[in-house]
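Colleague: Could you take me through one part of this model up close? I'd like to hear what sits where and what packs on what.

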Amino acid sequence: MNKITEAELEIMKVLWENKEATSLQIIDEVSKTTDWNKNTIKTLISRLVEKEAISVDKNKGNLYLYTPNISIEEYKSEENKNFLKKLYNGSINDMLLTFAKSNELTRKDLEELMKLIDSEEE
């Protein structure tokens with residue numbers, strides 16, 4: 001998967017939420033949370049098409065309908081791997097130890113992790 005920038009991620013969020021959208025719908029949604037002009041948003045959409053992160057259906061009259069080619073789960077999984085590799089040499093153990101030592105994990109977080117570990121061992 002080609003790297004999706006933070007700006008492009010705003011487009012992806014709209015598509016994940018709506019499953020599909022026209023460029024006008026994307027522009028409308030993204031404009032609610034950013035001060036980007038429509039040409040900037042159209043450029044981001046084009047980049048995502050080039051990266052094959054989204055597809056475009058040109059058979060909807062004069063409107064182009066965009067759909068995501070990757071799910072939010074796939075994106076998160078890839079970003080998690082990149083984060084672990086970049087900051088913790090790929091070690092989830094090192095990451096969890098860092099969070100635990102810095103008191104970033106609550107008792108509830110630790111209990112949920114233990115439940116997950118126990119369920120994986122079964």
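Modeller: Sure, let's start with Leu65, which lies in strand 3 (residues 63-68). Strands here are DSSP runs of E with at least two residues, helices are runs of H or I with at least four, and both are numbered from the N terminus. Keep in mind that this is a predicted model, where local features need pLDDT of at least 70, side-chain atom pairs count only at pLDDT 80 or more, and totals for chains, interfaces and linings use all residues. Residues are numbered from 1 along each chain as its sequence is written, and side-chain values use heavy atoms, with hydrogens and water left out.

Back to Leu65: its relative accessible area is 15%, so it is buried (buried means under 20%, exposed over 50%, partly exposed in between, with a 1.4 Å probe and protein chains only). Leu65 also has a partner from far along the chain: Ala21 is 44 residues away in sequence, yet the two C-alphas are 5.5 Å apart in space.

Strand 3 leads us to helix 2 (residues 23-31), since strand 3 is part of what covers the buried residues of helix 2, along with helix 1, strand 1 (21-22) and helix 3 (38-50). Covering is a matter of contact, meaning heavy atoms within 4.5 Å. The buried residues of helix 2 include Ser23, Ile26, Ile27 and Val30. They share one side of helix 2, because they span an arc of only 100° around the axis, taken from the directions from the helix axis to the C-beta atoms.

Now for how helix 1 meets helix 2. Their axes come within 10 Å and cross at roughly 115°; axes are lines fitted to C-alpha atoms, for helices over the stretch in contact, and angles run from 0 to 180 degrees between N-to-C directions. That makes helix 1 roughly perpendicular to helix 2, a label that covers 65 to 115 degrees. From helix 1, Glu10, Ile11, Val14 and Leu15 make the contact, and from helix 2, Ile26, Glu29 and Val30.

Helix 1 (6-18) turns up again around helix 4: together with helix 5 (92-101), it is among the elements covering the buried residues there. In helix 4, those buried residues include Tyr75, Glu79, Leu84 and Tyr88. They cover an arc of only 160° around the axis, which puts them on the same side of helix 4. The face turned away from that buried side carries the exposed Lys81 and Lys85. Right after helix 4 comes Asn89, with a positive phi near 50°.

Note on methods: Angles under 35 degrees count as roughly parallel, over 145 as roughly antiparallel, 65 to 115 as roughly perpendicular and the rest as oblique.
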